[in-house]
Amino acid sequence: MGKLMMRWKYTIFRHLPGRIGRRYNRKYAIFKEFPSAIQRCRGMTYIDLGANVGHYTRKMAVEAGRVIAFEPDPWCLAALRNNLAGFDNVTIEDAAAGASDGKALLYRHSLFDSNPGYYSEASSIVAGNRDLEETKHYEVRQIDFIRYLEDLDEDIGVLKIDIEGAEVELLEALFYRPDILKRICYLFAETHERLFPALAPRVASLRQRARRTGRTRINLDWP
């Protein structure tokens with residue numbers, strides 16, 4: 001239901017005038033660009049960072065040679081494994097993707113228990129969002145994603161990043177490694193500066209750098 005409501009919202013709001021309408025129109029365009037990307041890269045490896053319960057992981061798995069899905073939240077992991085049980089080309093990493101190896105604290109939305117299926121999408125390893133319950137958290141494993149890609153040593157068709165604020169540090173690290181970045185055909189990421197205002201200057205810098213990237217098609221307007 002959450003995904004359907006999101007698409008409906010973008011369909012309506014993209015017709016608003018000015019900056020708000022333009023922002024929602026960019027996000028609405030993803031609903032065409034993402035399916036096109038997974039079709040164009042059919043048979044390649046796809047990676048889903050912040051897989052949640054697997055809504056987009058399933059779409060990837062239909063076309064991919066294999067999909068690697070990262071998800072650190074215990075509730076989401078159980079649902080993800082259940083939803084992807086019929087796909088033998090999906091590898092699930094029980095971890096958060098970050099810029100270093102180690103442990104991280106996972107925070108959930110303060111209303112998580114009232115509707116886990118909806119509020120699980122807000123779970124984050126980045127503190128500072130007022131909607132998160134920071135007094136209650138879970139220790140999760142974090143994997144250095146740049147090193148992970150080094151070890152993987154293959155081209156990636158589609159990389160989707162939706163990790164609630166943690167994408168900024170990860171993208172900065174990835175942009176400093178053009179040798180790895182050029183192995184990715186399509187990169188889709190959601191930036192969360194509206195939830196974490198302190199990240200806004202760094203996101204602006206990332207957008208400038210994304211426009212100067214060569215081979216990789218980068219879209220930072222994931223809905």
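**Salt bridges, strands and cores in a predicted model**

Arg177 and Asp179 are joined by a salt bridge, with 2.8 Å between the closest N and O atoms. The structure in which this pair sits is a predicted model. Both partners lie between the buried and the exposed class: Arg177 is partly exposed at 25% relative accessibility, and Asp179 is also partly exposed, at 37%.

With that pair as a starting point, the whole protein can be introduced. The protein contains nine helices and nine strands. Of its 223 residues, 50% are buried. Its accessible surface amounts to about 11,200 Å², and carbon and sulfur atoms account for 50% of that area. Contacts often reach far along the chain: among those between residues at least 6 apart in sequence, 68% join residues at least 24 apart.

The interior comes next. The largest nonpolar core is made of 34 residues, and Ile47, Leu49, Phe145, Leu159 and Leu187 have the most contacts inside it. Several elements give two or more residues to this core, and both strands and helices are among them: the strands are β1 (45-49), β2 (66-70), β7 (156-161) and β8 (184-189), while the helices are α6 (145-152), α7 (167-175), α8 (178-181) and α9 (200-211). Separate from this core is a second one, with 22 residues, including Ile38, Ala61, Leu84 and Val158.

Leu187 offers a good view of the surroundings in the largest core. Beyond its neighbours within four places in sequence, Leu187 touches Leu159, Ile161, Leu171, Leu174 and Leu181, and its contacts also include Thr216, Arg217, Ile218, Asn219 and Leu220.

Strand β7 deserves a closer look. Six of the six residues of β7 are buried, so this strand is largely enclosed by the rest of the structure. Strand β7 pairs with β1 in the parallel sense, over five bridges, and Leu49 is found opposite Ile161 of β7. Strand β8 is also a parallel partner of β7, joined to it by five bridges. In this pairing, Val158 has Tyr186 in β8 as its bridge partner. Val158 is also one of the residues of the second core, whereas Leu159 is among the best-connected residues of the largest core, being listed with those that have the most contacts inside it.

Salt bridges complete the picture, and the structure has 12 of them. One links the side chains of Arg147 and Asp151, at 2.9 Å from N to O. These two residues both belong to helix α6 and are four residues apart, about one turn of the helix. Arg147 is partly exposed, having a relative accessible area of 30%, while Asp151 is exposed, with a value of 56%.

A further salt bridge brings together the side chains of Arg207 and Asp221, with an N to O distance of 3.3 Å. This pair connects distant parts of the chain, since Arg207 lies in helix α9 and Asp221 in the segment after β9 (217-219), 14 residues apart. Arg207 is partly exposed at 22% relative accessibility, whereas Asp221 is buried, its relative accessible area being 9%. Some salt bridges share partners, and through such sharing Asp101, Arg147 and Asp151 are joined into one network.

How values were computed. Residues numbered from 1 in each chain as written. Predicted model: local features only at pLDDT ≥ 70, side-chain atom pairs only at ≥ 80, totals over all residues. Heavy atoms only, no water. Buried < 20%, exposed > 50% of the residue type's maximum accessible area, 1.4 Å probe, protein only. Contact = heavy atoms within 4.5 Å. Areas by Shrake-Rupley, 256 points an atom, 1.4 Å probe, with all protein chains shown as cover. Core = buried A, V, L, I, M, F, W, Y, C linked by side-chain atoms within 4.5 Å. Pairing = 2+ DSSP bridges. Salt bridge = Lys/Arg side-chain N within 4 Å of Asp/Glu carboxyl O.
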